[in-house]
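Biologist: Could you take a close look at one stretch of backbone here, and then carry on to other places that deserve the same care? Please give the cut-offs behind each term as you go.

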Amino acid sequence: MDGRPPAGGADAGAPRTGSPLEYAPAPESRAQVVLEPGYEPFIDGEFAPAKTGEYLTTWNPATGEPLAEVAVCGEADVDRAVAAARRAYETVWRDMPGAERGKYLFRIARIIQERSREIAVLETLDNGKPIKETRDADVPLAAAHFFYHAGWADKLAYAGLGRDPRPVGVCAQVVPWNFPLLMLAWKIAPALAAGNTAVLKPAETTPLSALLFAEICREADLPPGVVNIVTGAGETGRLLVGHPGADKVAFTGSTGVGRGIARAVAGTGKRLTLELGGKGANIVYDDAAVDQAVEGVVTGIFFNQGHVCCAGSRLLLQESIAEEFLDRLRDRVSLLRLGDPLDKNTDIGAINSAAQLERIRELAAAGEAEGAEAWTAPCALPERGNWFPPTVFTGVTQAHRIAREEIFGPVLSVLTFRTPDEAVAKANNTPYGLSAGVWTEKGSRMLWTAQRLRAGVVWSNTFNEFDPASPFGGYKESGYGREGGRHGLEAYLG
Amino acid sequence: MQQTAIAEAPASNRALRDFLHGLPGVDEVGVAKRAAGLATRSVKTTAKAAAIDLAVRMVDLTTLEGADTPGKVRALAAKARRPDPADPSAPPVAAVCVYSDLVATAVQALRGSGVAVASVATAFPAGRAPLEAKLADTRRAVADGAAEIDMVIDRGAFLAGDYLKVDEEIRAVKEACGAAHLKVILETGELATLDNVRRASWLAIRAGADFIKTSTGKVSPAATPQTVLVMLQAVREHRDRTGALVGVKPAGGIRTTKDAVRNLVMVNEIAGPEWLDPALFRIGASSLLNDLLMQRTRLGTGTYPGPDYFTID
C-alpha cells in the first residue's frame, strides 16, 4: 500500500501538487488587439461622437486595469440610430434579394473566422473569460451563427412561415455581458437574414467586441444603417427598447430587466422576445455514466464562471450514489485552473464586474446562513481583479435561496432525490424554465424524464451544447420566443 | 514501489460477469469531449522540456516483426541505452520490447544499462494457442531474463462472455511470471466499445496485472485518446478503492511528440501526477523516440536538426 486514502478521505479536494508536469505559463499574445483610448457609437456606417459627450470606462476584470472609454448614447443618438436603421430598411435591405443579403452574411462570417484570434483576445480582455472559451466556443459559434443564417436568407419561403414571409422592420436589440459577441450574433444574424435592420446595444461592461463587429460590418461593405451599435448603460437600453421607431424588441438578460421591458413594450404593437434567467437542473440517476456525468456537471456550472443563463446550477443527485458522486465531483473541481484568462490552460477566469461579484458573494453567504454546507476548490485567487473560487453547496433544500435564485456565478447547489418522480418535481419547482440535463444510460428513463421537464432545452447525457440549428429559449420566467434554428426565424418574420 | 492487489479468484463466470457489468457505463461522446478538451492543454517551454525527457524515459522501444534478427535487437539495445549519440544528457528509455526468442540477445546487449527487457508472450499477437503453450512461452522468456512480460488476452473468450477463461489465463500467466512484471494487452481495437475497455481493464487489474496495455500494435485503432482515458480512469478508481497502483501502457499510433505530450496531460489530469513515472506509465513505440529527440534538440538549440542527425535502428 502506498498509504494514500481513497478519494473522499483526508486528501480529497487537495490540489495535486508536485506534478512532474507543472504547466508553464502559456499566455496568448495581446499584440493582435489594438485598443483605442476612446470608442464612439457606430451609426449609419460611421463611428461618430455621441451627442451626450459622456463616456464610461470599460475595465479588464482580471486585472482591474481600464481598457478604454466608451461613449454613452443618449436620446439624440438612439434617435439617429433608429432613423438610420429605418432608412436602410426601406431603401436597401428589405427589398434586396435574399441571395444578396446572404452574401453579406457569409462575408461577415468569414471575416469573423479570419479575425478570430483578435476577437477572442479582445473578448477575454473585456469580459474576463478564459481564452480557451473565447477561442473554442464564443468566436466559432458566432461565426457559425452567421453561416447558418446566411444560408436561410434566400430560403425563407421554405421556413414554414408562409409562402412569402416579410421582415418585421427595425429591431431594437439589447444583449448581456456573459457572451458579448455570441449574443450579438444570435440577435443580428437572424434579423439580417430575414431582411430586418438592427440597432444593438451591448452591455456596459463588455462593449468592445460589438464595436469590433461594427468594424467587421464596414470591412464586409454592409450598407450603412443595416447594423448600428449604440453603447451605454441601462438608460441607453431603455431609450432603445422604448423607441417608437422600433418594430421589434429582442432582449437577453436578467428577468428583472426583462419584466420592465415587457411592461414598456406592452400595448405598443412591438414584437418582443425575451431570453432571461434560469436555474437549470442537472438530474443524475444512479445508472448514469458516472465519470462523464461528473464532467457534464462541471461543464454545466463552471463553464464561463457560471455566467450562463442556461447553467446547470442545481445538481439533483439520486441519493443512492450521492456520496460517491460528490467525492468524484470535488476531485474533479479541484483540478480546475483558475487565473489569468489569457493563459491557454486557464479553466476559470474572472468575474465580469465588481457588482456581479458582490451578488455572488451575497448569495453564497445566504447559502451558508441558511444551513447549506459550502465546499470551495482549493485554488489561490489572484490579488487584483474580480475572482470567486468554484464552490459546491451540499445539503441544499428547495427552500434555500441558493436553490431558487439565479446566482450567475461558479456556485453549484446540490440536492438529492429518491425517485424519478421526485427528481422531475424538484427540477420543475422553480420560477424558471430554461435548461435541464438528464444523465442516465437507460433510454426509456431518459425519454420519460425529458418529456416531463418544463425547460426550453433538455440535454441528454451532455450539457451546454450549442448549435445555430437548435432553437434556444425558455418557459415561465425564463422568457419567451426562441433563438436559433427555424423556430428562431419566426421572431423576425411577419 | 507498486503493489497490485490481486482480487480473490471469482467464484464463477456469473459472479465475474455481474461485477464487470455492474461497473458504471461509459458515455463515448462524453469521453471524446473530455479527451478533446485535454488535447488543448498548452505545454510549452520548461513544461515541454520536462515532458519530453519524461516521455523518453517512458518509452518501451519495440521491435515485433517476423523479420527481427539478433542484429536488429542489438542495434535497438544500443539506441535504448543512449538514444541520442550527439547528446549524452538524453536519458535512456525504460525498456526494450522483443519477441520471446530474442530475449536472451536483448538481455546480453542491455546488461548493466538499467534498461529493462520486456518480452511479448502468450502467442502474441493473436493469443490463439493452448494455455500450456502460452505458459511455456512466458516461462522461457522469464528464464532468459525478461523483467517484463507483455501478454495478450483471449479476445475471443472476452467477446463471447467467457470472462472466467480470460481471468484464469491472466492468473496463470501471472504465476508463470514470478518476479517479472506483467503487462496485460487488452487489444482494445478488437473490443470495439469503451464499456468493454473498462470491463477488460478491471478484469485484468483484478486478475493481477501490473500494467494494462492498449494494443499489440498489429490492430487498428490502437491507443486512441479515448481508450487511454478510460483505462486511466480505471486505474485511478482502482487506487481510490484499494490503494494499489496499476500502470498503463498505450501502444500503437503514438508517433509524435505532440501525441506523447497529450498522453502525459491525460495521465496528469485523469489518473493523477503519481502516474507520471516510468514505473506506472509506458509508451510502446518505435518511431516516436526520434521525434522526441528532435524536439528535445530544438528546445535546447532553437533549430530543427534534420532527420539524418538521428539514428535509425
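Modeller: B:P221 sits in the loop of chain B that runs between β6 (211-213) and α11 (225-242), where helices (H or I, at least four residues) and strands (E, at least two) are DSSP runs numbered from the N terminus. The peptide bond leading into this proline from B:S220 is cis, with omega near -5°. This is a predicted model, in which local features need pLDDT of at least 70 and side-chain atom pairs count only at pLDDT 80 or more, while totals for chains, interfaces and linings use all residues. Residues are numbered from 1 along each chain as written, chains are lettered from A and ligands numbered from 1 in the order written, and side-chain values use heavy atoms, without hydrogens or water.

A cis bond is also found from B:F124 to B:P125, again with omega near -5°, and B:P125 belongs to the loop between β3 (116-121) and α6 (131-143) of chain B. Most peptide bonds are trans, and most residues other than glycine have a negative phi. On the second point, B:T45, which is not a glycine, has a positive phi of about 45° and lies in helix α3 (residues 45-58) of chain B. In chain A, the non-glycine A:D221 has a positive phi of about 60°; this residue is in the loop between α6 (208-219) and β8 (227-229), and it counts as exposed because its relative accessible area is 53% (exposed is over 50%, buried under 20%, partly exposed in between, with a 1.4 Å probe and protein chains only).

A:D343, in the loop between α10 (322-333) and α11 (354-369) of chain A, is buried yet has no salt bridge (a side-chain nitrogen of Lys or Arg within 4 Å of a carboxyl oxygen of Asp or Glu). The nearest side chain of opposite charge, A:R337, is 5.8 Å away, with Lys and Arg counted as positive, Asp and Glu as negative, and His and the chain ends not counted. Instead of a salt bridge, the side chain of A:D343 reaches the backbone nitrogen of A:A26 at 3.0 Å.

A:T197, in strand β7 (residues 197-201) of chain A, is buried, with a relative accessible area of 0%, and its side chain reaches the backbone oxygen of A:A85 at 2.9 Å. Leaving aside neighbours within four places in sequence, A:T197 has contacts (heavy atoms within 4.5 Å) that include A:W93, A:C171 and A:V226.

Conventions
Polar contact = N/O pair within 3.5 Å; in protein donor to acceptor, adjacent residues only side chain to side chain.
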